[in-house]
Amino acid sequence: MANVRSTYTDSVNFYGQEDPRELVSRFGSPLYVYNENILRARCRDLTGLCSLPGFHVNYSAKANTNPALLRIIRSEGCVADAMSPGELHINSLAGFTADEITYVCNNVSAEELKNAADHGCVVSVDSLSQLELFGRTCPGGRVMVRFNPGIGAGHSDKVVTGGKKTKFGVDPDMLPEVRAIVEKYHLQFVGVNQHIGSLFMEEGPYLAAMNILLSMAEKLLELGYPLDIIDFGGGFGMPYHKYEGQKRMDMEALGRAIHGRLAEWSAAAGYKGRFFIEPGRYVVAECGVVLGTVHAVKNNGPHRFVGTDIGFTVLARPMLYDAFHDVEIYRENGRPGTETMEQTIVGNICESGDILARDRRLPEVEQGDVIAMLDAGAYGWVMASTYNQRTRPAEVLIGADGRARLIRRRETLEDLTALFVTEPEE
């Protein structure tokens, strides 16, 4: 389908038997598009990291909660976590059973803790006060504790979840206090977990944090706690800079390291329970793009702006994290563009920060072009909003047969007003 700039999606046959311009014509613009074959391949990358019977990929559903994608992820042998009653509800609708869902929450109410426990999920808490609240609310219940390994990693300070400057986790030095609360409420202390951050591309910090959690687990096993889950968290990165030739993580090397360490440790410790890794982004990011239409181009002094209908209400990551997404350009009867110029791609929201790609060297974009923001399958639609009262886009899945089907309809103006309560007439 070679077009103005389409080398990457051409190389992976992203659109199957479909054409992105025709998809926009059929389903509207902007539009999220996912590819089933890529989603399955990323799941298999992860499930293949370790062949121990107790090893599980615990998909972090917050990255993308569309039930059609969740069902595919479950069919590939993954389990899931949930971080809210809504995620728990949608995971269940997608077919995940209670023993396939861990509830990994943060600063929540007693009602929310009880709801998760009543659904049969193991609940993870990440502070002494939350552990105390869980104990009062669900005495005798099954609980995991999230510890902070003191190591953080990630592409932005906003996604680093380990270390001393993050809100997450219990300091390992507080283990005596944890034990006291567990015993006070006769809790079943069945698991430990951690998370160091998101989008790391080198395995060193992850393996170091894994050893810290294994030391904690070994201590708890020696103390007689019936651990069933040791969850090392996630944050595995993937190459967003595809047109610059960014390399993937060496998953084979990572798998050898993880499998070897877990096999050695479980044999020495006599551990028969489960090991979890907790990726979200790696599973779904590359299987998704967001398509949009160019409605205006203009120059402000020396700066060229390309105006699209992909505002930060559609794709928030660039605004939130200054995140990078590669851009492709599709035009009717388009031909690969060799001459490039510096352009800034912006959205349709009345905010100066509504910038998708700043000062990128791209083939000249024209009014009427369709563009794609690549690698938008993670933290894309799930972060979308109706700010400026913009409706949220539809989602389409390119199935294994190469054909597109609608998996979420476009939001309507009636949807925007459905929750308003009008005052009764006198």
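Let's start at the N-terminal end, with A2. At 48% relative accessibility, A2 counts as partly exposed. Keep in mind that this is a predicted model. A2 sits in the segment before α1, and that helix covers 7-11. Leave aside neighbours up to four places away in sequence, and A2 touches D10, G334 and P336. Now look across to A372. A2 and A372 are 370 residues apart along the chain, yet their C-alpha atoms are separated by 14 Å.

Next, the core. The largest nonpolar core has 124 residues. Which residues have the most contacts inside it? They are F55, I230, I258, F275 and L291. Helix α9, residues 204-222, gives the most to this core, with 9 residues. Another core lies apart from it. That one has 6 residues, among them V79, V122, I229 and F276. As background, in soluble globular proteins nonpolar side chains tend to be buried together.

Now a helix pair. Two packed helices are described by the angle between their axes and the distance between the axes. Take α6, residues 110-118, and α7, residues 128-137. Their axes come within 9 Å and cross at roughly 65°. The crossing of α6 past α7 is right-handed. Who makes the contact? From α6, it is A110, L113, K114 and A117. From α7, it is Q130, L133, F134 and T137. By class, that contact has 5 nonpolar, 2 polar and 1 charged residues.

On to three buried residues with polar side chains in contact.

Start with Y282. You will find Y282 in helix α11, residues 281-284. Y282 has a relative accessible area of 2%, so it counts as buried. Its side chain is joined to that of R248 by a polar contact of 3.4 Å. R248 is also on the list of residues that Y282 touches, beyond four places in sequence. The others on that list are R42, D45, L46, F236, G237, M238 and M251. For a sense of distance, take L320. Y282 and L320 are 38 residues apart in sequence and 19 Å apart in space, C-alpha to C-alpha.

Second, H325. This one is in a loop, between α12 (317-321) and β12 (327-330). Is H325 buried or exposed? Its relative accessible area is 0%, so H325 is buried. The side chains of H325 and R317 are joined by a polar contact of 2.8 Å. The H325 side chain also reaches the backbone oxygen of D375, at 3.5 Å. Beyond four places in sequence, H325 touches Y240, L315, R317, P318, R360, M373, L374, D375 and A376.

Third, Q343. Q343 lies in strand β13, residues 340-346. With a relative accessible area of 0%, Q343 is buried. What does its side chain reach at 3.0 Å? That is the backbone oxygen of L362. The Q343 side chain also makes a polar contact with the side chain of R304, at 3.4 Å. Both partners appear among the residues that Q343 touches beyond four places in sequence. That list also includes V306, A357, R358, D359, R360, P363, E364 and V365.

One link to finish. R360 is touched by Q343, and R360 is touched by H325 as well. So that spot is worth opening on the screen: Q343 in β13, H325 in the loop before β12.

Note on methods
Residues numbered from 1 in each chain as written. Predicted model: local features only at pLDDT ≥ 70, side-chain atom pairs only at ≥ 80, totals over all residues. Heavy atoms only, no water. Axes fitted to C-alpha atoms, helices over the stretch in contact; angles between N-to-C directions. Helix = DSSP H or I, 4+ residues; strand = E, 2+ residues; numbered from the N terminus. Left-handed = near helix turned anticlockwise from the far one by under 90°. Contact = heavy atoms within 4.5 Å. Nonpolar A, V, L, I, M, F, W, Y, C, P; charged D, E, K, R; others polar. Buried < 20%, exposed > 50% of the residue type's maximum accessible area, 1.4 Å probe, protein only. Polar contact = N/O pair within 3.5 Å; in protein donor to acceptor, adjacent residues only side chain to side chain. Core = buried A, V, L, I, M, F, W, Y, C linked by side-chain atoms within 4.5 Å.
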